[in-house]
Structure formats: structure tokens, C-alpha cells
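Reader: I'd like to walk through where the ligand goes in this protein. Can you take me through it piece by piece?

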Amino acid sequence: MRLLFSEVVICFSTLPSVPQKYFNIAGPCHSSEHYMLNPLRNIGKELISLIERKGYFVIHAARQSGKTTLLWELVDKINAEGKYYALYCSLEKIQGIVEAKEAMPEIIDVLKIAFYNSSIPKGELFAKGPSDIGFASLLQFELSKISKALDKPLIIFFDEADCLSNGTLISFLRQLRDGFVSRARVPFVHSIALVGMRNIRDYKAHIRDDSVTLGSASPFNIVTEVMTLKNFTKDEVAELYNQHTVKKSQIFDPVAVDYIFEQTQGQP
Ligand SMILES: Nc1ncnc2c1ncn2[C@@H]1O[C@H](COP(=O)(O)OP(=O)(O)O)[C@@H](O)[C@H]1O
Ligand SMILES: [Mg+2]
């Protein structure tokens, strides 16, 4: 009997513990770990419809407003649904690399890592092996190759897209545009989102200030839609705190919720 009892105790103590959810304030949220609102609650439908229409679009919003959280959720949802392959790729590491000649191969590398870390089958084929194609066409070539190899349309979400320096941004957009306009003949990415703090018009204005020529076929012409994120409403703030109340039975005084909303104006 005694032996049995100690066996039971061991069994319980070795069970994996369910992680406790908490309010995350350091980086993107994930519903398995954090109390959070559904990031797709306002713009999910519109985003999916843009993707259905093979759109290339911009999502811009202030720092810490839930952009990355939204992208992670969207990528998981799209991949779970199974109609497309969705890839998240942050361009944050490209910041500070001024020359396009150096930055473009680095973009290939971050994409390679993103494919490697994704569950996209054949993703490891992206930029596999050496290539003698130059930096002004390599991204387009590799995206075309992988789009051809995959058995479902590919969607890429480029986070922190405004980290690119002017020359790099132009080379990057030119290659996406060239791939975009030839899509009826040559396989290319089905839908692309450029995500960051800047609106596409601000990218253009910024480049004009630096008097870099965009030429006649502006690489910005591929963007069909510009979207932004909304702050939380007061009801949503209350809903977020209520998730904690449901788990822990700790009541939040409505006055406290009002005060939090007043202080933050719903900024996530
Ligand atoms: N859907 C959400 N529900 C609750 N909190 C959120 C949500 N989205 C963002 N936040 C809050 O905002 C912070 C920043 O989110 P993040 O996605 O990293 O924003 P961004 O990419 O715009 O900088 C998170 O740490 C979290 O505190
Ligand atoms: Mg972010």
C-alpha cells in the first residue's frame, strides 16, 4: 500500500505544470501564455479579404500597439486553416546596414531563417545553395523559386519594414514589384504585408527628402491598401482584466478600469 501511495505522489509531481497566464508588457503576446484580446477582432476580416484578393498592403501603427501580436495570430490562423502558407519575417536586424549591396543578402538570410523556423514544407529550399545572381534580383529570384516549389500560395508578413535604409528599401520594393506585376506568368508571392510604424506615404516622402530617384515605375505602386490598428475601447480594457478575474476571482473595481482607460486611452 505504502509503495503504491508513493508511486502516485511521484506521478503527480512529474506531471507537466500548466503555465499560469499573466499580463505581458514585454514584447508580443501569445494566447497560450498571456491574458489578451483577440488581435484580429477589428481588422481580421478585412485582412483576410485583402489576402484573398492577392493584395500587397501596409499595416502601420505606433510602437507597442500590438502589430507583432496581430501578425503572429494571423500567421497561426492562416496556417491552421490550410489554404495558404503564411510566413512571419522581421526585418529588424537589417537596421543600420546602409548599403543595399550588403543589406539585400542579409534579407535573404533572415528569410531563410524564417522559413527554417516555420512549419512550411520545403521551406528549407529557400535560397538553398550558392547563387550567382546579384543583389538587385536575388530576392525576386528566390521568392519566385520558392513560390513555384510550394503546393499552396505563399503569404509573407514583413514586420519592422521601416528598418530598411532608403537604398535597400527601394531595391527591396522594386524586386517585390517586379515579381508582383509578372505574377500571371511567373510564380511569385500571393500576398505581402509591409508592417511598421510608417505609412507608405511617409516612406515615399522620406525618400524624396533624401533625393533618391524612384524612376517612372514607382516601387510603391504595388500597395493596394494601407491599414492601421485601433486602441482598445473601455469595454475591451474591462474584458481584458476580466480574464484575470475569471481565473483568480480577483475583482477589479470599475473605477480602477475607468482610471486605467483614462490614463492609457486604450493604448495596448
Ligand atoms: N491583443 C492584445 N491583447 C492584450 N495586450 C496586447 C495585445 N496586443 C498588444 N498588447 C500589449 O502591447 C504590447 C506590445 O505588443 P507588440 O505586439 O509587441 O506591439 P508592436 O509590435 O506594435 O510594438 C504587449 O507587450 C502587450 O502588453
Ligand atoms: Mg513589433
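Author: Let's start with a term: a polar contact here is a pair of N or O atoms within 3.5 Å. Keep in mind that this is a predicted model.

Reader: Which oxygen or nitrogen pairings does Lys-67 offer, and how far is its polar side-chain atom from an oxygen atom of ligand 1?

Author: The cut-off for a polar contact is 3.5 Å. Lys-67 reaches an oxygen atom of ligand 1 with a polar side-chain atom, and the distance is 2.8 Å.

Reader: And which residue has a side-chain N or O atom 2.7 Å from an oxygen atom of ligand 1?

Author: Pro-28 isn't the one, since its polar backbone atom is 3.4 Å from an oxygen atom of the ligand. The side chain with an N or O atom at 2.7 Å from a ligand 1 oxygen belongs to Thr-69.

Reader: How much of ligand 1's accessible area does the protein cover?

Author: On its own, ligand 1 has 560 Å² of accessible area. Around the ligand are 18 residues, with Asn-24 and Gly-27 among the closest. The share of that area covered by the protein is 92%.

Reader: Where does ligand 1 sit, and what is the volume there?

Author: Ligand 1 is in the largest pocket. Lining residues closest to the centre of that pocket include Gln-64 and Pro-268. Its volume is about 1,100 Å³.

Reader: Which element gives the largest share of the pocket lining?

Author: Strand S2 and helices H3, H8 and H9 each supply at least two lining residues. With four residues, the largest share comes from H3.

Methods
Residues are numbered from 1 along each chain as its sequence is written. Chains are lettered from A and ligands numbered from 1 in the order in which they are written. This is a predicted model: local features need pLDDT of at least 70, side-chain atom pairs count only at pLDDT 80 or more; totals for chains, interfaces and linings use all residues. Side-chain values use heavy atoms; hydrogens and water are left out. A residue is near a molecule or strand if one of its heavy atoms lies within 4 Å of it. A polar contact is a pair of N or O atoms within 3.5 Å; within protein, one must be able to donate a hydrogen and the other to accept it, and residues adjacent in sequence count only if both atoms are side-chain atoms. Accessible areas come from the Shrake-Rupley method with a 1.4 Å probe; for residues, only the protein chains shown count as cover. On a 1 Å grid over the protein atoms alone, a cavity is a set of points where a 1.4 Å probe fits but cannot get out, and a pocket is an open set with protein on both sides within 12 Å along at least five of seven lines; lining residues have an atom within 4 Å of a point. A molecule sits in a cavity or pocket if more than half of its atoms lie within 2 Å of its grid points. Grid points are joined across faces, edges and corners, and a volume is the space filled by probe spheres set on the points.
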